[in-house]
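Reader: I should like to understand how the terms in a structural description are justified. May I ask about them one at a time?

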Amino acid sequence: MRLLCIVMLSILSLTPLSAQQSGDPKASPCMPGMPMPGCPDSSAQQSSDGQLVQGGREEAAGMQMGKTGLMGMAGMQPQTFLQAIVQQASSGTSAEPTSTPTPMFMSQKGRWMLMFHANVFVTDEQQSSPRGGDKFFSTNWLMPMAQRELGNGVFTVRTMLSLEPATITDRRYPLLFQQGETAYGVPIADGQHPHNLFMELAALYDFKLGEEALLSFYLAPVGDPAIGPTAYPHRASAIEDPVAPLGHHQEDSTHISDDVVTVGLTYRIVRIESSGFHGREPDENRWTIAQGSIDSWSTRLTLQPGKNWSGQYSYGRIKSPESLFPTEDQERMTASIMYNRPLRSGNWASTLLWGRTRSLGDNSIFNSYLFESTLRFHARNYAWTRVENAERSNELILGENPLPPGFIEEPIGHVQAYTFGYDHDFDLIPRLASSIGGQFTTYGVPDVLKPIYGSHPFGVALFLRLRPFPRQER
């Protein structure tokens with residue numbers, strides 16, 4: 001906790017930063033002359049459903065982009081899909097609705113635009129059931145990045161770091177019914193592994209092909225290939241939830257992959273991408289960067305029919321993703337729809353997501369379904385829900401024990417998880433937006449697991465959430 005605060009405060013003290021969206025609960029989240037969701041604007045009109053209509057502002061923004069290049073919108077809320085891509089505010093090369101606000105901080109240094117955003121939770125988790133656990137831990141990520149115009153495009157370098165290898169002890173935190181990866185050589189059951197120190201080290205180049213097209217390149221020793229939606233730590237619909245979804249390993253677990261190469265082509269509201277990457281999931285040494293051959297591939301189609309909507313379908317073939325089953329390759333499909341509604345004092349972000357994996361060895365299939373939604377209202381308040389229906393395997397029955405010889409993983413039924421949470425921003429730590437909140441999760445248990453878990457297990461998480469915010473002129 002102390003180390004996280006030192007890191008965040010050190011970065012923020014380097015320079016006064018301007019914000020695309022202020023995290024300061026008392027300061028206005030708006031900046032003069034910048035059309036931002038939730039901000040009054042002298043040139044904006046309000047529609048009958050409460051959304052801000054920018055009128056001529058969008059057309060002016062498009063003209064500005066044409067005159068000054070792709071960096072012409074730096075510091076402003078993107079108005080088009082192409083501008084949102086160039087901003088590179090999401091994980092990998094994934095996309096959220098163009099209107100989605102991002103708590104990003106910017107400072108111009110010569111030709112370089114420097115940016116930083118982060119999310120830190122300090123959580124006390126309490127769970128019922130004989131399989132439940134209690135723990136005090138921190139989930140967190142920090143994302144510094146820099147970009148500049150280069151030739152007829154924009155060059156971006158981006159790093160994503162997490163101190164979870166230090167802030168999550170015993171290589172996992174409790175999460176009922178969760179499966180995936182290992183701790184101390186045995187399968188993790190009812191727990192979630194930490195993220196790596198290096199979640200992403202990437203270089204990106206977006207080359208402008210006329211006024212309505214981009215050719216994009218992404219190279220990352222560690223990064224996020226073109227499969228799945230925006231990963232859960234970075235989704236606006238999950239930004240206040242401190243723990244992972246149960247369907248993580250069917251939906252977006254490739255967001256930390258080695259040796260990623262992605263090429264994408266965008267025309268107006270459509271983007272097609274293809275990636276090559278190393279398929280094996282990270283090992284238990286979360287402090288290092290592993291390397292491997294490019295043995296897996298994926299492709300993703302993204303459609304942005306309007307500022308408030310985004311949809312994607314992706315398909316991939318993953319070589320030997322799990323160390324416990326090194327000879328098993330996997331097919332993965334995902335589809336998602338995201339919606340963000342800007343509000344005068346906040347926004348409402350939602351995601352509907354399906355993920356499916358199929359073993360190419362024994363043809364076993366696992367599906368997961370997720371709906372999550374976060375409402376920010378009256379600037380300081382957040383309320384959210386996450387509803388899941390995730391297929392589980394017989395590995396869960398064994399618990400955290402070595403797999404018996406000849407073990408074959410098979411589906412045994414679906415677990416439902418229903419989460420509801422709330423938090424509120426307070427002024428606790430200077431230059432950090434500090435929120436105190438909690439969430440409650442209850443589960444629907446298939447009959448085969450009731451003797452192990454009971455009929456009505458539940459979990460409670462209380463937490464402190466921290467995000468940096470800039471100095472503001474009052």
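Author: Let us begin with a single residue: at 2% relative accessibility, Asp252 counts as buried. The model is a predicted one, in which local features need pLDDT of at least 70 and side-chain atom pairs count only at pLDDT 80 or more, while totals for chains, interfaces and linings use all residues. Residues are numbered from 1 along each chain as its sequence is written, and side-chain values use heavy atoms, with hydrogens and water left out.

Reader: Why is Asp252 called buried?

Author: Buried means under 20% relative accessible area, exposed means over 50%, and partly exposed lies in between (1.4 Å probe, protein chains only). The value for Asp252 is 2%, so Asp252 is buried.

Reader: What makes the pair of Asp252 and Arg235 a salt bridge?

Author: A salt bridge requires a side-chain nitrogen of Lys or Arg within 4 Å of a carboxyl oxygen of Asp or Glu. The closest N and O atoms of Asp252 and Arg235 are 3.2 Å apart, and the pair forms a salt bridge. Asp252 lies in the loop between α5 (248-251) and β12 (257-267), and Arg235 in the loop between β11 (213-223) and α5, so the pair ties together parts that are 17 residues apart in sequence. Helices (H or I, at least four residues) and strands (E, at least two) are DSSP runs, numbered from the N terminus.

Reader: Is Arg235 buried or exposed?

Author: Arg235 has a relative accessible area of 0%, so it is buried. Arg235 and Asp252 also belong to a network of salt bridges that links them with Asp241, Glu372 and Arg386.

Reader: How many salt bridges are found in the whole structure?

Author: The search finds 21. One of them joins Arg172 to Glu400, whose closest N and O atoms are 2.9 Å apart. This pair links distant parts of the chain, 228 residues apart: Arg172 is in the loop between α4 (164-167) and β8 (173-183), and Glu400 is in the loop between α6 (395-398) and β20 (411-429).

Reader: Which word describes the accessibility of Glu400?

Author: Glu400 has a relative accessible area of 29%, so it is called partly exposed.

Reader: What are the accessibilities of the partners in the salt bridge of Lys208 and Glu211?

Author: Lys208 is buried, with a relative accessible area of 11%. Glu211, at 51%, counts as exposed. Their closest N and O atoms are 3.4 Å apart, and they form a salt bridge.

Reader: How do you know that strand β17 is largely enclosed?

Author: Strand β17 (residues 346-359) has 14 residues, and 11 of them are buried, so the strand is largely enclosed by the rest of the structure.

Reader: What makes β16 and β17 a pair of strands?

Author: Two strands pair if DSSP finds at least two bridges between them. Strand β16 (residues 330-343) is joined to β17 by 14 bridges, and the two run antiparallel. A hairpin of 2 residues connects β16 to β17. On its other pairing, β17 is joined by 12 bridges to strand β18 (residues 365-377), again in the antiparallel sense. Arg356 has Asn367 in β18 as its bridge partner. The hairpin of β17 and β18 has 5 residues between the strands, and Asn363 there takes a positive phi near 70°.

Reader: Which residue stands opposite Asn340?

Author: Asn340, in strand β16, stands opposite Ala349 in β17. Asn340 has a relative accessible area of 1%, so it is buried.

Reader: What makes the link between Asn340 and Ser99 a polar contact?

Author: A polar contact is a pair of N or O atoms within 3.5 Å; within protein, one must be able to donate a hydrogen and the other to accept it, and residues adjacent in sequence count only if both atoms are side-chain atoms. The side chains of Asn340 and Ser99 are joined by a polar contact of 3.0 Å. Contact in the general sense means heavy atoms within 4.5 Å. Leaving aside neighbours within four places in sequence, the residues in contact with Asn340 include Pro97, Thr100, Asn308 and Trp348.

Reader: How many helices and strands does the protein chain have, and what share of its residues is buried?

Author: The protein chain has 7 helices and 22 strands. Buried residues make up 61% of its 474 residues.
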